[in-house]
Amino acid sequence: MSFTAKITADITKFEQNIDKAIDSTNRLEKTVLQKLTNMGDSFVNVGKKASVLSAALVAAGSKAFMMAADFEDAIGATGKIFGENADIVKGWADTLGTEYGIAKKEALEYSNLMGSMLINIGKLTEEQAARQSAKLIELAGDLTAMYGGSTQDAVRALTGALKGNNTMLDNYGMAVNDALIKTKAFEMGLSDGTGELSLQSRQAATLALIYEQTTAAQGQAAREAD
């Protein structure tokens, strides 16, 4: 090999090595930049997640405060509605089984509403209303276990019946209409069979029909739990 050819070959090899070095440097630069970018994105994501977490904690705290306030309101209403017999309702709510799918606050609220109707429309005593509302709410849990849906819907159906609206009872296999109510009121000695029924008599007859027609469902929540 001539001296010139050797020099040319050495220069070519040198240029190739330089190109390799530049290429390696470019790849390193890209890798470092990408990692820095990823780190930056990670910090941004952490910041976003921290903001979301902070907002969630604030919301949870606010909701917990509102739930506590609602619970206190429910207890206060129970005392006013049932008077000296409020402890009957509170004790029942404390021991209500989870199989009914009703939280303590809901149990008190439902009992307060039903109790008011039983006292104001049915003319029951506070003690009678306390015990009757508890039975109805447990029945709502049984109806839900038997026929599906939510306990809230079953409570709504029974509450509606207390004020004369029986349409939702159909969803739970009950036939409670005006003719049957009048017949039952007569059987119970609440009517002479003529004239219009009083709201008190209508509610009492309706309750009697509800209990008669739900014998298969009564206790279903507890049976399913077992």
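What is the mean pLDDT of the protein chain, and what share of its residues reach 70 or more? The mean is 84, and 70% of the residues reach 70 or more. The model is predicted, and the legends below take the whole chain before the close-up views.

**Figure 1. Overview of the protein chain, which has 8 helices and 0 strands.** Along the sequence the pattern reads α-α-α-α-α-α-α-α. Of the 226 residues, 31% count as buried. The chain exposes about 13900 Å², and carbon and sulfur atoms supply 58% of that area. Among contacts between residues at least 6 apart in sequence, 62% join residues at least 24 apart.

**Figure 2. Confidence in helices α1 and α7.** Helix α1, residues 3-82, has the lowest confidence, at a mean of 62. Helix α7, residues 199-213, has the highest, at 98. Over residues 3-8 the pLDDT stays under 50. For residues 3-8 the model has 1 contact beyond four places in sequence.

**Figure 3. Close-up of the crossing between helices α4 and α7.** Two packed helices are described by the angle between their axes and the distance between the axes. The axes of α4 (residues 126-147) and α7 come within 12 Å and cross at roughly 40°. Angles from 35 to 65 degrees fall outside the roughly parallel and roughly perpendicular classes, and α4 and α7 are therefore oblique to each other. The crossing of α4 past α7 is left-handed. On the α4 side, Q132, K135, L136 and L139 make the contact; on the α7 side, L207, I210 and Y211 do so.

**Figure 4. Close-up of K184 in helix α6.** K184 has a relative accessible area of 10%; the cut-off for buried is under 20%, so K184 is buried. Leaving aside neighbours within four places in sequence, K184 is in contact with A205, A208, L209 and E212. One of these partners, A205, is 21 residues from K184 along the chain, and the C-alpha atoms of K184 and A205 are separated by 5.6 Å.

**Figure 5. Close-up of N166 in the loop between helices α5 and α6.** The loop containing N166 runs between α5 (151-162) and α6 (178-187). N166 counts as buried because its relative accessibility is 11%, against a cut-off of under 20%. Beyond its neighbours within four places in sequence, N166 is in contact with A161, V176, I181 and T206.

Definitions and conventions. Residues are numbered from 1 along each chain as its sequence is written. This is a predicted model: local features need pLDDT of at least 70, side-chain atom pairs count only at pLDDT 80 or more; totals for chains, interfaces and linings use all residues. Side-chain values use heavy atoms; hydrogens and water are left out. Helices (H or I, at least four residues) and strands (E, at least two) are DSSP runs, numbered from the N terminus. Buried means under 20% relative accessible area, exposed over 50%, partly exposed in between (1.4 Å probe, protein chains only). Contact means heavy atoms within 4.5 Å. Accessible areas come from the Shrake-Rupley method with a 1.4 Å probe; for residues, only the protein chains shown count as cover. pLDDT is the predictor's confidence in each residue, from 0 to 100. Axes are lines fitted to C-alpha atoms, for helices over the stretch in contact, and angles run from 0 to 180 degrees between N-to-C directions. Angles under 35 degrees count as roughly parallel, over 145 as roughly antiparallel, 65 to 115 as roughly perpendicular and the rest as oblique. A crossing is left-handed if the near helix is turned anticlockwise from the far one by less than a right angle, and right-handed if clockwise.
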